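This briefing covers strand pairing and some backbone details of one protein chain. Please look over the sequence and the structure before reading on.

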Amino acid sequence: MFKKTLLALGLCLAVSASAFAAVTEKVEQGKKYNLSYPVFKLENRAAAKAINKDIKGMALAQKKLAKSKEPSYVEVGTNYEIFGETDAYVNIIFTNWDYMGGAHGMHYDHGIVYSKTTGERLPYTHFTKAVAAGELYDGIANHSLKVYCADFKTVSEAPFITYLKKEEFKRSDDYVVKDGKVYLMYPPYELDCYAVGTTFVELP
């Protein structure tokens, strides 16, 4: 009986593990560029192909900046983080970065959630109800919506929101899913200073 139980448990774990993506890192380096991006292998090959095509497109778009003369870049690149994954989707943070020779470079984190069934990007409304840009602005400004720093522990007061006009404020398309909640992402200088990094706005 004990052996049968172990066998059944092993089969369950094998099935569960097979549903998750295998990921390899692709690295491309050259004059003024340094790219790092993920390549996925899924049971659904068509979905994996669509995801990989989308990611490679973002990486190559960043690579093109290395040849730009106006503006001119010292170096550009990409990197990534597998932020979360379930049987239904995979959530990544894809980062574009560049350095133009100033005090520091800039980075832009893009939170993207891909469907493992279709390979398409899922909108944040797949996980929660839609929020209007004005409603989001008010929630950030009056602190009824929590804003977290890059460590997801420290709360940001989002001081830069006061410098933005409500009618010009835009809802970010970048987001992550963490513990069943959706967090919209904003780059440095949008809601807080550079040292804070990317900020995450927790939606209801």
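The notes below describe a predicted model and are grouped by topic. They begin with strands β1, β2 and β3, where β1 and β2 run antiparallel, while β2 and β3 pair in the parallel sense. They then turn to a cis peptide bond before Pro71 and to positive phi values at His143 and Tyr189.

**Hairpin of β1 and β2**
- Strand β1 covers residues 22–30 and strand β2 covers residues 33–41, with 9 bridges joining the two.
- Gly30 has Tyr33 of β2 opposite it.
- The hairpin has 2 residues between its strands, and Lys32 has a positive phi near 70° there.

**β2, α2 and β3**
- Strand β3 spans residues 75–85 and is linked to β2 by 3 bridges.
- Leu35 has Thr78 in β3 as its bridge partner.
- Together with helix α2 (residues 45–64), β2 and β3 form a β-α-β unit that is left-handed.
- The loop between α2 and β3 contains Pro71, and the peptide bond leading from Glu70 to Pro71 is cis, with omega near 0°.

**Positive phi outside glycine**
- His143 is not a glycine, yet its phi is positive, near 65°.
- His143 sits in the loop between α3 (133–141) and β6 (147–148), and its relative accessibility of 46% makes it partly exposed.
- Tyr189, also not a glycine, has a positive phi of about 80°.
- Tyr189 belongs to the loop between β8 (181–186) and β9 (199–202); with a relative accessible area of 42%, Tyr189 is partly exposed.

Definitions and conventions
Residues numbered from 1 in each chain as written. Predicted model: local features only at pLDDT ≥ 70, side-chain atom pairs only at ≥ 80, totals over all residues. Heavy atoms only, no water. Pairing = 2+ DSSP bridges. Helix = DSSP H or I, 4+ residues; strand = E, 2+ residues; numbered from the N terminus. Right-handed = clockwise from strand over helix to strand, strands pointing away. Buried < 20%, exposed > 50% of the residue type's maximum accessible area, 1.4 Å probe, protein only.
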